[in-house]
Amino acid sequence: MKAWGLFLSLILFCAGCATPPEQPAPPSRYGGPPLPSPENLDRADVEVIRGTFSAGRQPDGNTVVLASADGLIVFDTGRHAAHTQKIIDLAEARGQPVVAIINSHWHLDHVSGNILLRQRWPGAVVYANDDALTDALGSFLARGLEANRKTVADPATPAGLAEDLRGDIATVEQGDKLHPDVSIAANRTIDVGDYKLSLRVAKGVSAGDIWLDEDATRLVASGDLVTLPAPFLDTACPKEWRAALDRILATPLKRLIPGHGREMTRVEVVLYRDAFNALLDCANGDAPAAACADAWAAAAAPLLDAQSGTQADAEAYARYYVESVLRAGKTRADCPA
Ligand SMILES: [Zn+2]
């Protein structure tokens, strides 16, 4: 049966080669051309631009692009200009403008590209939590600016890192260009083109997280609430984060695009949530930090791929966060007890 299925597929495929179908694959509701690869036809309306994660460099978050009838909806805009350029190239290839930008949170690997995209499409409407961004620009990012200037001035700083930090300095110096047009501080549904998007708020990764729930395709874009090779807990409320993962799993999601890492199925998100909870529980207990980190890395291993980091990266990050954040009491000041 399997062999026949394969045989028929080959025939159909080759027939397609010999006589290209007159009607290219749908869906027409999204305006732009469909993706060329048959296995991608069911997701022709969604593009993911993977963020980079490489040793010694600053990461980019993933970008999710939804093609609406009115233009592109961009969820997170990256840090490096090269990442944002991929969004611009995609829009130009489809002949569609960027009409809406949603920032999952204010970390620079998710918002820096707002500046370039707004320059190219001044009419794009930006949705984000403005209070959290304003607070970060006056505190965490202001302190980072000073620290980054010192690091850049140090001749021992590797050239690649110095380049990234100069980029971050330039972004924070233009911080006024990062603010949203519409501040999202409570759950809200927005209509863009033919899309109805549920923007859900949380305070897990930052004081102003937004995750996106797209009902028609059962897609969730989670921002850094789901992140590999390990949860980045620098500005986190672990309890709120834990609750947000449960809320994500309470939706009928079929596919989830994380803030960093590859696309996941529901079963994989459950695996992630359980590993995350186990990491927090371990950090709250008496086990050595290395044991908590090893357990995290082993549990997360099936979710990793070449672009999201190795199991050794997962272990190293988890150990850092257990020792230097969770057990050092360095979670956010506004976290509930
Ligand atoms: Zn991130």
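## A walk through the chain

Buried residues make up 40% of the 337 residues in this chain. You are looking at a predicted model, so keep that in mind as you click around. The chain has 11 helices and 12 strands. Among contacts with a separation of 6 or more, 66% join residues 24 or more positions apart.

### First stop: Gly61

Select Gly61, in the loop between β1 (46-49) and β2 (63-67). Is Gly61 buried or exposed? Gly61 counts as buried, because it has 32 C-beta neighbours inside 10 Å, where 20 or more are needed.

Now show what surrounds Gly61. Setting aside residues up to four places away in sequence, Gly61 touches Gly51, Asp76, Gly78, Asp109, His110, Asp224, Gly259 and His260. Measure from C-alpha to C-alpha between Gly61 and Gly51: the distance is 4.7 Å, with their positions 10 residues apart in sequence.

### Next: Asp76

One of the residues touching Gly61 is Asp76, so select that one next. Asp76 sits in the loop between β3 (72-75) and α2 (81-94). Asp76 is buried too, since 33 other C-beta atoms lie within 10 Å. Check the backbone here: phi of Asp76 is near 75 degrees, which is a positive value in a residue other than glycine.

### The six-stranded sheet

Colour the strands from β7 to β12. They form an open sheet of six strands in the order β7-β8-β9-β10-β11-β12, and the pairing is mixed. Which strands are at the edges? The edge strands are β7 (188-192) and β12 (264-265), each of which pairs on one side only.

Zoom in on the β12 end of the sheet. Strand β11 (residues 255-260) pairs with β12 in the antiparallel sense, over two bridges. Pick Arg255 and you will find Thr265 of β12 standing opposite. As background, strands of a sheet pair through backbone hydrogen bonds, either parallel or antiparallel.

Then add helix α8 (residues 238-249) to the view. Helix α8 lies across β8 (195-202), β9 (209-214) and β10 (219-227), and runs at about 160 degrees to β10.

Two loops here deserve a click:

- Arg218 is in the loop between β9 and β10. Phi of Arg218 is near 55 degrees, again positive in a residue other than glycine. Arg218 counts as partly exposed, because it has 14 C-beta neighbours inside 10 Å.
- Pro229 is in the loop between β10 and α8. The peptide bond from Leu228 to Pro229 is cis, with omega near 15 degrees.

### Helix α7 and its two faces

Select residues 159-173, which make up helix α7. Helix α7 has 15 residues and reaches 21 Å from its first C-alpha to its last, close to the 21 Å expected at 1.5 Å a residue. Which residues of α7 are buried? They are Asp164, Leu165 and Thr171. Look down the axis of α7: the buried residues fall within an arc of 115 degrees, so they line one face of the helix. An α-helix has 3.6 residues a turn, so residues three or four places apart point the same way.

Turn to the face of α7 away from its buried side, and you will see the exposed residues Ala159, Ala170 and Glu173. Back on the buried side, the cover includes α3 (108-111), α4 (114-120) and α6 (140-153).

### From α6 to α5

Keep α6 in view and add helix α5 (residues 130-138). The two helices pack at an angle of about 35 degrees, with their axes 3 Å apart. On the α5 side the contact is made by Ala136, Leu137 and Gly138, and on the α6 side by Phe140, Leu141 and Ala142. By class, this contact has five nonpolar residues, one polar and no charged ones.

### Last stop: Glu315

Finish in helix α11 (residues 311-326), where Glu315 is found. Is Glu315 buried or exposed? Glu315 is buried, because 22 other C-beta atoms lie within 10 Å. Leaving aside neighbours within four places in sequence, Glu315 is in contact with Ala293, Asp294 and Ala297. To end, measure from the C-alpha of Glu315 to that of Ala300, 15 residues apart along the chain, and you should read 9.6 Å.

Terms used. Residues numbered from 1 in each chain as written. Predicted model: local features only at pLDDT ≥ 70, side-chain atom pairs only at ≥ 80, totals over all residues. Helix = DSSP H or I, 4+ residues; strand = E, 2+ residues; numbered from the N terminus. Expected span 1.5 Å × (residues − 1). Buried ≥ 20, exposed ≤ 12 C-beta atoms within 10 Å, placed from the backbone. Arc of directions from axis to C-beta. Contact = placed C-beta atoms within 7 Å. Pairing = 2+ DSSP bridges. Axes fitted to C-alpha atoms, helices over the stretch in contact; angles between N-to-C directions. Nonpolar A, V, L, I, M, F, W, Y, C, P; charged D, E, K, R; others polar.
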